[in-house]
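User: I've got a model open here and some labels on it puzzle me. Can you walk me through the reasoning behind them?

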Amino acid sequence: MDMFNGKRNIPKLKDSMGRKQKQDSEEESECPDLEYNYGDTDTHLCEMAELYSYSELEDYQTNIQEFESIMKAMDFKPSWHNLSIENKNMVAFKLLDSLEVSDKTKRMNAARCVLYLLQGCWAECQSDKDQQSNAKENVLFLYKFGIFNAFVNLLNMEIESVQFHRKTQINCTDSTNLRIILNVLYTFIEVLRVSEFEADVEFKEFRENLLADIGLPYTEDHIVVKLLGMITKFCSGLASYYPMKKVLLLLWKLILVLLGGMDTLANLKNEYRKKVKLPELQEDPIEIIKSMRSCSPPPSSTDLMNAQKRGTRQKRMAYNLNALSYRLTDDSTSLSIYEEGLIKQSSLDESLVVMDLSYQNDEDLQDYEDQQLGMDDISNMKNIQEINDFRPQTPPTPLIIKGLPWIPKVRHKDLQFFLDQTRIKFLGFKLDNDIETLIGLPDPIHESVAILKQYMYTSLADYQIKKEETIQRNPIIMGNEEVDQTPAEVLYQAMLPNLPQHMIALLKILLAASPTSKAKSDSINIIADILPVDVPMSFSESVKLETDINRQKEIVVKAISGILLLLLKHFKANHIYQFEFISQHLVFANCIPLVIKFLNQNLVSYVSSKNTIPILDFPTCVIGDGPDLSLDNIEIGEFPLCSWRNVYSCINLLRVLNKITKWKHSRIMMLVIFKSAPILKKSLKVRHAMMQLYILKLLKMQAKYLGRAWRKSNMKTMSTIYQKVRHRLNDDWAYGNDLEARPTDFQIEERFLRSAVDKFHARRYSPQYDDELTPSDFSINTALGKPIKLSSEFKQHYMIWLDQEVFQNNINWNALITDY
């Protein structure tokens, strides 16, 4: 095991394949615009390929051998598509019976056969499209026989039969059975996900039935709860052989199909707002971000030093040329001409130095024109270029949006604070919870209040907080609230007992999979399910293993980031205090420094990494002749400009960080304490509009705490924030220092939030809450009138009790009626 966690003698992929990734210390001045479409998932083909690791190549052949043996035992030819419907039904019933036998070997052989069928019977396919079509067809066919529920039962059996042996080295053979079961379940769920886009009636019926099966009330036996328990058990060291990548991928897809993706969430938000009579959302953030173009990153210290060196070198060359001309001529006229040329050249060089310090290419200059000059016709200024810059010039991108992309927003709290300050200034007092009375205030204040009310926005979270405060003040009148059993609500109730442990386990795995984390002896091993039994001997096998390890870590980060973002967004839409509860536990588990640590790497290199071998991806590796891996064909295939999963992971983690820190001063101060500003600024080098937007949001919320010197030296970043991020009309993020916020205030803020969440849980989920609000009856007649059930043993020995407890005791009856 140490050979895979520590320093190995295996040749590095970056050294062997020529894919050397640049280190943080190297200059990273060029990053093209990424052509990347953000979505809930990647394509169906890519999602299925990421399920299988490169160490599972031998399993494909084992699966088809088990299929052939079962077909031979039933006197059928080993060709699934040539069977009649009756024969296919016979095979399906045979497999279902084999999955329920007591012999574990026979069960897993039948499971391998089912997996081969769900893989599309790839031995009978000629192309990827045939394989995908056959796989979907077989999923629909086998589901009718209850194969999905049978494999859920198999998963429960495997979880209960935990291997308690403590092996020094865990490899891929320890998790074989679990990998087969998880592969089958994942294939069902992935086809369920893409069935939403199928127009066939059969797909629609399959989707409804399977969603009904996995959407049953969440008990401790539900598959989602079981998978979360597997993650917790894995991190505790009780089951270190679990194939964690497959568990996380299955959990991610289950949550996605149960709760819904971005489109479903947008519809849910509008539906919830309609119920409480709030206006629907007019903006689609994803569409607005798609219309935005990426901005040029601010120059780093290395860029400034290089630009200064270029300017000094150009100035020195100009001086030498003029000195040489002076020595070659004695004519005073020529001397004056050369002196004039020297002065002009020097002034030109100084202007070039200034330009190099501020702008690195034409796009930077274009950004400056957009921000500072505000010109309508930018084409008149497009011919400015740097001298001695031989890099290809990027064509100017036409501006799609004129003006700011977002509609400004004003919270009720912001308007109340503005009126309080204004009333104290002009009237000497303030009115609590009053935004209508403007008597005695000057006309400009009236106009300001009118503008603020024009952009007033009441979020669903604000409404839920206000409603919860009203219920807490009037528990008897409004305490009997009917809670809609939405998928998010039912899932939250199932996760609530062990939710802190689940969050800690997810972050532990994220830390282990982070590229910036260092291997430690006590860290969890997330690559145990891909480690071979024997050490790779050939050079190509070493390259394959190195690629597989890096690929596995990237997929794990992708799955965890998707899970966290889905939970946060859906719980926030369902109820704000559910979101706050999970956010607090993420903060307590050091999620903020973990994400900052993840971003503290060469993100340009990370999002463009090519930790994949196309000829080994499923189903390419099984269709046609088997892959013959060598250094000549290891790079055969298409490599996109960026890695979809890595960009997806970065955007998701940035969104998670935004959600748990927004409007929380104590958590924003954690961003400042952990020095996230330079890390986030360096991350702006990734030229993608959505990713840059969430980075700029994080910079904006902490700008007031970074001081005037930082804002002054990062004016281009401040200007970009003004352009890209939504405005809060009376927010002083760009110029003010929050003098009212003290560290003690931060602590009080977190305590109040924790208290509000605890009261919410006690009211909605604690059975003791109703007993506390039940009126008490202290009447003696009521107490004596209650029926009391006596045990048979007491009835049998009643006379003995009467003699010992009543007749033999001296009772002072006068003391009972004494008035104290």
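Analyst: Sure. Lining residues are those with an atom within 4 Å of a cavity point, and helices are DSSP runs of at least four residues, numbered from the N terminus. In this predicted model, H24 gives the most to the lining of the largest cavity, with five residues.

User: What makes H24 (539-574) a helix here, and which other helices each supply at least two residues of that lining?

Analyst: A helix has to be a DSSP run of at least four residues, and H24 spans 539-574, so the label fits. H12 (244-259), H13 (262-275) and H28 (644-661) also supply at least two residues each.

User: How much space is in the largest cavity, and which residues are closest to its centre?

Analyst: About 140 Å³. Among its 16 lining residues, Tyr38, Asp40, Met262, Leu565 and Leu566 come closest to the centre. By class, the lining has eight nonpolar, five polar and three charged residues.

User: How do you know how many charged residues the lining of the second largest cavity has?

Analyst: Charged means Asp, Glu, Lys or Arg. The lining is His44, Leu45, Met48, Leu118, Gln119, Gln131, Gln132, Ala135, Thr187, Val191 and Phe618. None of those four types is in that list, so the count is six nonpolar, five polar and no charged residues. This cavity has a volume of about 90 Å³.

User: Phe618 also precedes a proline. What is the peptide bond from Phe618 to Pro619 like?

Analyst: That bond is cis, with omega near 5°. Pro619 sits in the loop between H27 (603-607) and H28. As a rule, most peptide bonds are trans.

User: Why is Cys121 called buried?

Analyst: Buried means under 20% relative accessible area. Cys121 comes out at 0%, so the label holds. Cys121 also has a positive phi of about 50°, though it is not a glycine, and is in the loop between H6 (104-118) and H7.

User: And Lys277: buried or exposed?

Analyst: The exposed label needs over 50%. Lys277 has 78% relative accessibility, so it counts as exposed. Lys277 has a positive phi too, about 60°, and lies in the loop between H13 and H14 (285-290). Most residues other than glycine have a negative phi.

User: What makes Phe807 eligible for the nonpolar surface patch?

Analyst: One condition is over 30% relative accessible area. Phe807, in H38 (residues 798-807), is at 58%, so that condition is met, and Phe807 counts as exposed as well. Its partners in the patch are Tyr798, Met799, Trp801 and Val806, and the patch is about 530 Å².

How values were computed: Residues are numbered from 1 along each chain as its sequence is written. This is a predicted model: local features need pLDDT of at least 70, side-chain atom pairs count only at pLDDT 80 or more; totals for chains, interfaces and linings use all residues. Side-chain values use heavy atoms; hydrogens and water are left out. On a 1 Å grid over the protein atoms alone, a cavity is a set of points where a 1.4 Å probe fits but cannot get out, and a pocket is an open set with protein on both sides within 12 Å along at least five of seven lines; lining residues have an atom within 4 Å of a point. Grid points are joined across faces, edges and corners, and a volume is the space filled by probe spheres set on the points. Patches are made of residues with over 30% relative accessible area and no salt bridge: like charges are joined within 9 Å, nonpolar side chains (Val, Leu, Ile, Met, Phe, Trp, Tyr) within 5 Å. Accessible areas come from the Shrake-Rupley method with a 1.4 Å probe; for residues, only the protein chains shown count as cover. A salt bridge is a side-chain nitrogen of Lys or Arg within 4 Å of a carboxyl oxygen of Asp or Glu. Buried means under 20% relative accessible area, exposed over 50%, partly exposed in between (1.4 Å probe, protein chains only).
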